[in-house]
Amino acid sequence: QVQLVESGGGLVQTGGSLRLSCAASGGTFSRYVMGWFRQAPGKEREFVAAITGSGYGTYYADSLKGRLSISRDNAKNTVRLQMNSLKPEDTAVYYCAAASWSELNVRNTNWYNFWGQGTQVTVSS
C-alpha cells in the first residue's frame, strides 16, 4: 500500500555525520508510525529510532541516544534520521519502515508491515 525509498547513505569517517531520508508514497503518511532499523552483515536487524504519526512521540535505541535525532515532515511525506559522531560499529544497511497498527510496539521489527530497500552506511576507521 505504501512505498518507501531510503536515501542519504554513504561513506564517512569516524566522527562524521549523515542525514538519512525516507520518502513515502501510496498511502496516508500521517497515519503511519515510522521507524528506522539497521542490519550489519551476519547480524540481526536492530531497532534504531521511531516517530509517531503526529511527530510528537520519538523513540531511540538506548545505545544510540544522544547521537541521533528522528523527525518527519507530513506535508512532504518524508522522515529523516540525523546521525552524528558516527563510529565503525554503525556500519550497516539502514532501513525505513512503516506501521499502521493502532497499538504501539515501535522497537519490534515484526510490528512493522512496510519496508524500504535500505541504504548503505559505511563508517571508516
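Contact, as I use the word here, means heavy atoms within 4.5 Å. I am working from a predicted model.

**Entry 1: threonine 119**

I looked up threonine 119 and found it in strand 11, which covers residues 119–124. Leaving aside residues up to four places away in sequence, I recorded its contacts as Glu6, Ser7, Gly8, Gly9, Leu20, Ala92, Val93 and Tyr94. I then asked whether threonine 119 is buried or exposed. Its relative accessible area is 11%, and because this is under 20%, I entered threonine 119 as buried. I also noted a polar atom of the threonine 119 side chain 3.3 Å from the backbone nitrogen of glycine 9. Glycine 9 is also among the residues that threonine 119 touches.

**Entry 2: the disulfide**

How many disulfides does a search of the whole structure find? I obtained one. The bond runs between cysteine 22 and cysteine 96, with an S to S distance of 2.1 Å. It ties together distant parts of the chain, since the two cysteines are 74 residues apart. I placed cysteine 22 in strand 3 (residues 18–25) and cysteine 96 in strand 9 (residues 92–99). For the angle about the S-S bond I read -80°, and I recorded the link as left-handed. On accessibility, I entered cysteine 22 and cysteine 96 both as buried.

**Entry 3: the cavity**

I next searched for cavities of 30 Å³ or more, and the count came to one. I noted its volume as about 50 Å³. Which residues line the largest cavity? I listed Arg38, Val48, Leu64, Arg67, Leu68, Met83, Asn84, Leu86, Asp90 and Tyr94. Sorting this lining by residue class, I obtained six nonpolar residues, one polar and three charged. Tyr94 belongs to the lining, and Tyr94 also appears among the contacts of threonine 119.

**Entry 4: lysine 43**

Where is lysine 43 placed? I found it in the loop between strand 4 (33–39) and strand 5 (46–51). Its relative accessibility is 59%, and because this is over 50%, I entered lysine 43 as exposed. I then took the C-alpha to C-alpha distance from lysine 43 to alanine 92 and obtained 9.5 Å, for a pair 49 residues apart in sequence. Alanine 92 had already come up in my notes as one of the residues touched by threonine 119.

Terms used. Residues are numbered from 1 along each chain as its sequence is written. This is a predicted model: local features need pLDDT of at least 70, side-chain atom pairs count only at pLDDT 80 or more; totals for chains, interfaces and linings use all residues. Side-chain values use heavy atoms; hydrogens and water are left out. Helices (H or I, at least four residues) and strands (E, at least two) are DSSP runs, numbered from the N terminus. Buried means under 20% relative accessible area, exposed over 50%, partly exposed in between (1.4 Å probe, protein chains only). A polar contact is a pair of N or O atoms within 3.5 Å; within protein, one must be able to donate a hydrogen and the other to accept it, and residues adjacent in sequence count only if both atoms are side-chain atoms. On a 1 Å grid over the protein atoms alone, a cavity is a set of points where a 1.4 Å probe fits but cannot get out, and a pocket is an open set with protein on both sides within 12 Å along at least five of seven lines; lining residues have an atom within 4 Å of a point. Grid points are joined across faces, edges and corners, and a volume is the space filled by probe spheres set on the points. Ala, Val, Leu, Ile, Met, Phe, Trp, Tyr, Cys and Pro count as nonpolar, Asp, Glu, Lys and Arg as charged, and the others, Gly among them, as polar. A disulfide is a pair of cysteine sulfur atoms within 2.5 Å.
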